[in-house]
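Student: I am new to this structure and would like to look closely at a single part of it. Please begin there, and then lead me outward to its surroundings.

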Amino acid sequence: MKSKLLTLAKKFGTPLYVYDLKHIYKNLSALQTAFNQNIQIHYAMKANNYSPLLKKLAQKQIGVDVVSMGEMSLALKSGFKPSKIIFSGVAKTEDEIRFAIKSGIFLLNVESPQELERIGKLSLKHRKMTDVGFRLNPDVNPHTHPYITTGFKENKFGMDKSFLPELVRILKKYNKSLNLISLGFHIGSQLTKIAPYEEAVKKSIPIYKNLLSKGFKLKHFDIGGGIGIPYQNEKTININQYATSIQKLLRPLNCQIHCEPGRLLVGEAGYLLTKVEYVKRTPFKNFVVVNTGMHHLIRPALYNAFHGVENLSRKNKRKIKVDIVGPICESSDFIAKNRLLSPPHQGDILVIYNVGAYGATMASYYNMHVYPKEILT
Ligand code: LLP
């Protein structure tokens with residue numbers, strides 16, 4: 001792939017996101033193999049919603065995890081079967097819930113008692129029985145960046161176990177329109193250890209059993225997404241160990257396991273190609289000003305995230321220390337700081353690595369620069 005990038009930059013221009021489909025298929029099949037095909041995968045499309053890619057993933061017969069009406073419509077248009085769509089998110093509006101109910105999706109993952117009440121009421125009105133799952137907040141520390149931690153008691157996501165009596169009351173009230181079939185969690189993103197998942201599963205099992213004992217016919221367990229990728233050669237989760245451990249813990253429940261990976265499938269398969277517009281040497285810094293920035297890849301600005309960068313146009317042994325910055329009128333607009341690069345010249349093409357997840361989907365029109373192009377190869 002790396003050898004093709006310069007040609008692609010010339011052919012399509014920059015800024016350009018390039019996604020490597022073979023790499024994505026490889027990641028997908030590694031996950032399926034780790035679980036012995038015994039897993040239902042719902043790709044978290046917030047990571048990358050490039051429509052040609054979604055179509056390819058839908059053809060693989062996997063499911064999808066969506067968090068808005070926009071994502072749900074695009075998933076349906078891209079060929080995902082309604083019966084494989086999970087609708088997550090803390091702020092589902094009445095319109096969104098109505099759309100989900102009418103589309104007959106697999107599951108709405110409920111994040112609050114008020115939401116459950118709303119789904120019950122709307123389903124009753126439309127004379128539908130709606131399958132729901134409870135998203136727990138198991139209060140575990142996923143040891144990731146605080147902005148992408150979601151299963152800690154301080155986070156707005158999921159439901160504390162103390163909500164259960166109220167949830168059960170609402171389920172009983174709407175027993176003609178609500179059907180609880182699943183329990184699960186999503187504890188955070190870019191996790192690099194298995195232990196938080198194990199802790200979350202262990203905390204969930206008694207709750208699952210408790211709900212079964214109350215007569216609810218749960219059959220599914222959703223372990224969410226969150227598996228990290230190496231951005232800087234760091235050690236991350238071994239998915240075979242992860243799958244073995246989760247399956248072993250959940251075996252007594254005899255349920256179907258579901259997961260919602262985003263980054264794991266697409267993160268490493270994405271490249272952002274950019275052109276050097278200017279090299280500006282000050283007495284203090286070497287700035288490499290490129291035609292992309294925080295408006296196309298906000299991860300460095302928002303999470304201080306590391307993305308590898310390489311100068312594709314030059315291969316010098318001698319490197320110089322540079323800050324790679326974009327055109328946006330604020331100093332948070334950087335791709336990398338204090339990085340060693342083959343001395344860049346105006347017009348050189350740089351590649352930014354591991355941007356297949358949460359790159360283009362988080363892009364904006366801030367400052368009204370061109371939006372990055374995307375291609376699938
Ligand atoms: N399921 C739910 C309910 C989620 O909220 C998320 C991600 C996922 C699955 C997929 O998580 P993944 O497998 O991709 O870690 N913008 C941040 C990441 C935010 C993740 C939000 N939720 C970043 O650039 O690191």
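Student: Where is the place of Asn-36?

Tutor: Asn-36 is placed in the loop between helix H2 (21-34) and E2, where helices (DSSP runs of H or I, at least four residues) and strands (runs of E, at least two) are numbered from the N terminus. Before going further, please keep in mind that this is a predicted model, in which local features need pLDDT of at least 70 and side-chain atom pairs count only at pLDDT 80 or more, while totals for chains, interfaces and linings use all residues. Residues are numbered from 1 along each chain as its sequence is written, and side-chain values use heavy atoms, with hydrogens and water left out.

Asn-36 has a relative accessibility of 62%, and it therefore counts as exposed, a word kept for values over 50%, whereas buried means under 20% and partly exposed lies in between (1.4 Å probe, protein chains only). Its backbone also deserves attention, since Asn-36 is not a glycine and yet has a positive phi of about 50°. Most residues other than glycine have a negative phi, and most peptide bonds are trans.

Two further places can be read with that in mind. Tyr-358, which is likewise not a glycine, has a positive phi of about 60°; it lies in the loop between strand E15 (349-352) and strand E16 (373-376), and because its relative accessible area is 16%, Tyr-358 is buried. The peptide bond between Thr-14 and Pro-15 is cis, with an omega of about -5°, and Pro-15 is found in the loop between helix H1 (2-12) and strand E1 (16-19).

If you follow the chain from the loop of Asn-36 into E2, you come to His-42, which is part of that strand (residues 40-44). His-42 has a relative accessible area of 1%, so it is buried. Not counting residues up to four places away in sequence, His-42 touches, among others, Gly-63, Asp-65, Lys-84, Phe-106, Cys-259 and Glu-260, where a contact means heavy atoms within 4.5 Å. His-258 is also one of the residues that His-42 touches, and their side chains are joined by a polar contact of 2.8 Å; such a contact is a pair of N or O atoms within 3.5 Å, and within protein one must be able to donate a hydrogen and the other to accept it, while residues adjacent in sequence count only if both atoms are side-chain atoms.

Glu-260 leads us to the ligand. It is one of the five residues that come nearest among the 19 around the ligand, together with Ser-189, Gly-226, Arg-299 and Tyr-358, a residue being near if one of its heavy atoms lies within 4 Å. Tyr-358 is the residue with the positive phi that we met above. A polar backbone atom of Gly-226 is 2.7 Å from an oxygen atom of the ligand, and a polar side-chain atom of Arg-299 is 2.6 Å from an oxygen atom of the ligand. On the side of nitrogen, an N or O atom in the side chain of Tyr-303 lies 2.8 Å from a nitrogen atom of the ligand.

Leu-264 lies in helix H10 (residues 263-266), and at 14% relative accessibility it counts as buried. Leaving aside neighbours within four places in sequence, its contacts are Asn-27, Leu-31, Ile-227, Ile-229 and Ile-239. Leu-264 and Met-45 are 219 residues apart in sequence, but their C-alpha atoms are 12 Å apart in space.

Thr-274, in strand E10 (residues 270-281), is buried, with a relative accessible area of 1%. A polar atom of its side chain lies 3.4 Å from the backbone nitrogen of Thr-292. Its contacts beyond four places in sequence include Thr-14, Val-290, Asp-348 and Leu-350, and Thr-14 is joined to Pro-15 by the cis bond described earlier.

Finally, two loop residues are partly exposed. Asn-316, at 29% relative accessibility, lies between strand E12 (309-311) and strand E13 (320-325), and its C-alpha atom is separated by 57 Å from that of Val-132, 184 residues away along the chain. Phe-157, with a relative accessible area of 21%, is found between strand E6 (130-135) and helix H7 (164-173), and a C-alpha distance of 9.2 Å separates it from Phe-185, 28 residues away along the chain.
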